[in-house]
Amino acid sequence: MTTYRMPAEWDAHDRCWMAWPSREGMWEDPEGTCEAYTRVAHAIAEHEPVTMLVPPRLMKQARDHLGSDIT
């Protein structure tokens, strides 16, 4: 028996964790994908904090899109 538990997405939690799109060649429209991730992150941030996981090489791109209200 383990103490690990995967809560349902509707369970109460303190923040949302997202990963910035970083896999090259995965999307037909990389810029559009970044814009979509940005819209989703900001919609979630209206209700709870959002932390975006970003590879160091894409930090400037993510910050330019997300602004300062997404960690």
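1. Helices and strands here are DSSP runs, with at least four residues for a helix and at least two for a strand, numbered from the N terminus. On that basis this predicted model reads β-α-β-α along the sequence, which comes to two helices and two strands.

2. On overall shape: the radius of gyration is 14 Å, well over the 11 Å that the globule rule gives for 71 residues, so the protein is more spread out than a compact globule. Its C-alpha trace spans about 40 × 30 × 20 Å along the principal axes. As for burial, 24% of the 71 residues count as buried.

3. A word on contacts. Among those with a separation of 6 or more, 63% are between residues 24 or more positions apart.

4. Now the helix pair. Helix α1 covers residues 30–45, and helix α2 covers residues 59–66. They pack at an angle of about 55°, with their axes 9 Å apart. The two helices are therefore oblique to each other, and their crossing is right-handed.

5. Who meets whom? From α1 we have E31, C34, E35, T38, A41 and H42, and from α2 we have Q61, H65 and L66. The residues of this contact divide into three nonpolar, four polar and two charged.

6. I'd take a look at T38, which sits in α1. T38 has a relative accessible area of 11%, so it counts as buried, the cut-off being under 20%. Leaving aside neighbours within four places in sequence, T38 is in contact with W20, H65 and L66. Of these partners, H65 and L66 belong to the α2 side of the helix contact.

Notes: Residues numbered from 1 in each chain as written. Predicted model: local features only at pLDDT ≥ 70, side-chain atom pairs only at ≥ 80, totals over all residues. Heavy atoms only, no water. Buried < 20%, exposed > 50% of the residue type's maximum accessible area, 1.4 Å probe, protein only. Contact = heavy atoms within 4.5 Å. Axes fitted to C-alpha atoms, helices over the stretch in contact; angles between N-to-C directions. Parallel < 35°, antiparallel > 145°, perpendicular 65-115°, else oblique. Left-handed = near helix turned anticlockwise from the far one by under 90°. Nonpolar A, V, L, I, M, F, W, Y, C, P; charged D, E, K, R; others polar. Rg over C-alpha atoms; globule rule 2.2 N^0.38 Å.
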